[in-house]
Amino acid sequence: MSQGWIGLGDSAFAGDGVTLLDGARATVGAGTGWFLDAPREVAFDRDATLPVVLARRLSLLEDGATNGAREATLVAARLDDGAVYVGNAFEPLDLPSAAVPWVDPATLPDDGARICGAERIDARARLPRLPWREGTLVLRALVGARTTAPVTVRLRRAVPFDDDVAALLDARRAVGFPRAVWPPRSASGDAPYYRPGSRSPRVPSPEGLALTAHADGAHAMLWGTLRTTPRPREIVRPDDPSETRYAAMRGASHVDVGAPGAVAVIPVTLVARHAALAEALHWAMQVPCFPETARSGGVLEGYFGIDARTLPGLPPLDGPWTFWAVCGAHLAGPLRVG
């Protein structure tokens, strides 16, 4: 069985699409919500697609208050390097900007009726920038106030290399350097902030991500806290001259990441949707971690506070935005701002 909530077998994804969808509709079960399923493994050197199934089982009221064809957003996080890829789950539809308003399903009465459906999606086609090479992906779908449970897909070779070649490639993939902090810190002391503050949310689990917001009219601040074990390429290592020279040859910022004293820089991606836009927007932040936030087992904490209205490319639209944050396998949100 695959790891998704729907519980389809991996072989189903390679078979007839109609049979796959019939199986998805039959196995969604008694719960309500949106559900994502995908195969555990895909051979990237043999297969040209990444098939997933996005299914829904909603009350009649929630189905009428949700425009999944427009709102469904597919998110893939690569655990190997922290990169996140975002795209519409379906082809964008030319719908009026005053679309269905955002509704929290918890506020809707259960009418007892159920609307079910399932769609087969090629995630690779919906995420055209997704690297088609060896790696591990965590996939989710974001639909209004709903978020599907994550599913993990390993991209592997159909015919693996021998052990020596595989070990050499793994060693080369581990080489890397942290990116410079982004958005960069302000010389005036204004946002963005990368130190804990009174509004920084608490992460209740040993590792995870939390997000909160505070709007006061002039600003719409997003406050986030992450707790994670950094990858080797995210650790700032200023004491190795050979690595420093190699970084300079590559044009990489190895020693100066724009945050003196930082011991790691962790990628965190912000995702935003607005009813007037046909597609989600996203920004790849680079969040510094400092030694005083170190926890046992090599886990670090990082903090950020950013004014959402200063994010590049965010249009000044009326009405609220919906935000999520993604860091590796962790997701926080949805959060309504404005």
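A residue counts as buried when its relative accessible area is under 20%, as exposed when that value is over 50%, and as partly exposed in between. With that in hand, welcome to this predicted model. Two spots make a good starting tour: the residue Arg185, which sits in a loop, and an open sheet of three strands.

**Arg185 and its surroundings**

- To find Arg185, look in the loop that runs between α6 (163-174) and β10 (208-215).
- Is Arg185 buried, exposed or partly exposed? Its relative accessible area is 46%, so Arg185 is partly exposed.
- Apart from neighbours within four places in sequence, Arg185 is in contact with Pro192, Tyr194, Gly258, Ala259 and Pro260.
- One of these partners, Gly258, is 73 residues away from Arg185 along the chain, yet their C-alpha atoms are separated by 7.6 Å.
- Arg185 and Gly258 also meet through polar atoms: a polar atom of the Arg185 side chain lies 3.3 Å from the backbone oxygen of Gly258.

**The three-stranded sheet**

- As general background, the strands of a sheet pair through backbone hydrogen bonds, in either a parallel or an antiparallel way.
- Here the strand order is β1-β3-β6, and the pairing is antiparallel.
- Which strands stand at the edges? They are β1 (33-37) and β6 (114-122); each has a single partner strand, so one side of each is left without a neighbour in the sheet.
- From one strand to the next, the twist averages 15°.

**A closer look at β1 and β3**

- The antiparallel strands β1 and β3 (residues 51-59) are joined by five bridges.
- For Asp37, the bridge partner in β3 is Val53.

Notes. Residues numbered from 1 in each chain as written. Predicted model: local features only at pLDDT ≥ 70, side-chain atom pairs only at ≥ 80, totals over all residues. Heavy atoms only, no water. Helix = DSSP H or I, 4+ residues; strand = E, 2+ residues; numbered from the N terminus. Buried < 20%, exposed > 50% of the residue type's maximum accessible area, 1.4 Å probe, protein only. Contact = heavy atoms within 4.5 Å. Polar contact = N/O pair within 3.5 Å; in protein donor to acceptor, adjacent residues only side chain to side chain. Pairing = 2+ DSSP bridges. Axes fitted to C-alpha atoms, helices over the stretch in contact; angles between N-to-C directions.
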